[in-house]
Amino acid sequence: LYWEGEVSRKAMKMVRARLAYQRLLGAFPTSVWQAHARLGLGLVYFHEQAYTDAQQQFAQVVRASPQSSIAKQASVLEGACQLQAKRFEDAAANFRQVLEQPLDQALRGQVSFYLGEALTGVQRFAEASQVYHQALELDPKAPWATSASFGLGWSEFQQGRCRESLEAFEL
């Protein structure tokens with residue numbers, strides 16, 4: 001059932017994926033695949049823009065095994081749900097917690113970028129500029145780097161720092 005959910009999700013067959021994950025979660029409550037199925041179900045809900053439902057699934061993964069690598073992934077996704085739902089303070093707090101954990105450089109850069117987005121959402125532009133800088137230093141070629149450069153430029157502009165803003169837009 002787990003693999004049916006995964007393959008269906010990756011094939012963008014979200015209804016089939018959701019049903020497979022839900023069947024696994026209901027029929028096998030002690031399965032070793034529980035956390036993975038919850039993560040997959042959360043991703044289906046995220047794709048369907050059901051951010052509250054997705055966040056609930058990700059939170060359950062974190063609660064079940066907070067020190068696992070899948071819990072780190074779920075924490076980042078939980079913060080992404082909060083960003084999408086425009087709950088920027090919650091997202092910022094979540095991303096700060098994730099950044100306190102050991103992370104590889106690429107994930108640290110991505111989470112820093114997301115933190116910058118959350119801080120921009122609450123108009124804390126000086127802090128946002130700092131974390132956008134950190135994100136770009138960690139992984140300047142990442143898929144999100146262009147968005148981070150824009151966020152940095154916007155944050156600098158909001159602080160009246162036009163020269164720095166233009167430099168960021170040129171990155």
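Is Glu 127 buried, exposed or partly exposed? At 30% relative accessibility, Glu 127 counts as partly exposed, and the close-up views below show where this residue and several others sit. Welcome to the model: it is predicted, so local features need pLDDT of at least 70, side-chain atom pairs count only at pLDDT 80 or more, and totals for chains, interfaces and linings use all residues. Residues are numbered from 1 along each chain as its sequence is written, and side-chain values use heavy atoms, with hydrogens and water left out.

**View 1. Arg 124 and Glu 127 form a salt bridge.** The closest N and O atoms of the two residues are 2.9 Å apart. A salt bridge here is a side-chain nitrogen of Lys or Arg within 4 Å of a carboxyl oxygen of Asp or Glu. By this rule the count comes to 13 salt bridges. Arg 124, at 26% relative accessibility, counts as partly exposed. The labels are simple: buried means under 20% relative accessible area, exposed means over 50%, and partly exposed lies in between (1.4 Å probe, protein chains only).

**View 2. Glu 6 meets Lys 10 in helix 1.** Helix 1 spans residues 2-10. Helices are DSSP runs (H or I, at least four residues), and strands are runs of E of at least two; both are numbered from the N terminus. Glu 6 and Lys 10 are four residues apart, about one turn of the helix. Their salt bridge has its closest N and O atoms 4.0 Å apart. The two ends carry different labels: Glu 6 is buried at 8% relative accessibility, whereas Lys 10 is exposed at 61%.

**View 3. Glu 167 and Arg 163 join a salt-bridge network in helix 10.** The side chains of Glu 167 and Arg 163 meet in a salt bridge of 2.9 Å, N to O. Because these residues are four apart in helix 10, about one helical turn separates them. Glu 167 is partly exposed at 40% relative accessibility, while Arg 163 is exposed, with a relative accessible area of 54%. Through shared partners, salt bridges link Glu 156, Arg 161, Arg 163, Glu 164 and Glu 167 into one network.

**View 4. Tyr 2 and Trp 33 form a stacked aromatic pair.** Rings of Phe, Tyr and Trp (its six-membered ring) pair if their centres lie within 6.5 Å; planes under 30 degrees apart count as stacked, over 60 as edge-to-face and the rest as tilted. The count by this rule is 11 aromatic pairs. For Tyr 2 and Trp 33, the distance is 4.6 Å centre to centre, with 20 degrees between the planes. This pair links distant parts of the chain, 31 residues apart: Tyr 2 is in helix 1, and Trp 33 is in the loop between helix 2 (14-27) and helix 3 (34-47). Tyr 2 is buried at 9% relative accessibility, and Trp 33 is partly exposed at 32%.

**View 5. Phe 46 and Tyr 51 pair edge-to-face.** Their ring centres are 5.2 Å apart, with 70 degrees between the planes. Phe 46 has a relative accessible area of 24% and is partly exposed; Tyr 51, at 16%, counts as buried. Elsewhere, Phe 95, Phe 113, Tyr 114, Tyr 132 and Trp 144 form one aromatic cluster.

**View 6. Five residues form a nonpolar patch on the surface: Phe 150, Trp 154, Phe 157, Leu 166 and Phe 169.** Together they have about 540 Å² of accessible area. The elements giving two or more residues to this patch are helix 9 (145-158) and helix 10 (162-169), and helix 9 gives the most, with three. Patches are made of residues with over 30% relative accessible area and no salt bridge (like charges joined within 9 Å; nonpolar side chains, namely Val, Leu, Ile, Met, Phe, Trp and Tyr, within 5 Å). Accessible areas come from the Shrake-Rupley method with a 1.4 Å probe; for residues, only the protein chains shown count as cover. Phe 157 lies in helix 9 and is partly exposed at 44% relative accessibility.

**View 7. Ser 165 is buried in helix 10.** Its relative accessibility is 4%. Not counting residues up to four places away in sequence, Ser 165 touches Gly 153, Glu 156 and Phe 157, where contact means heavy atoms within 4.5 Å.
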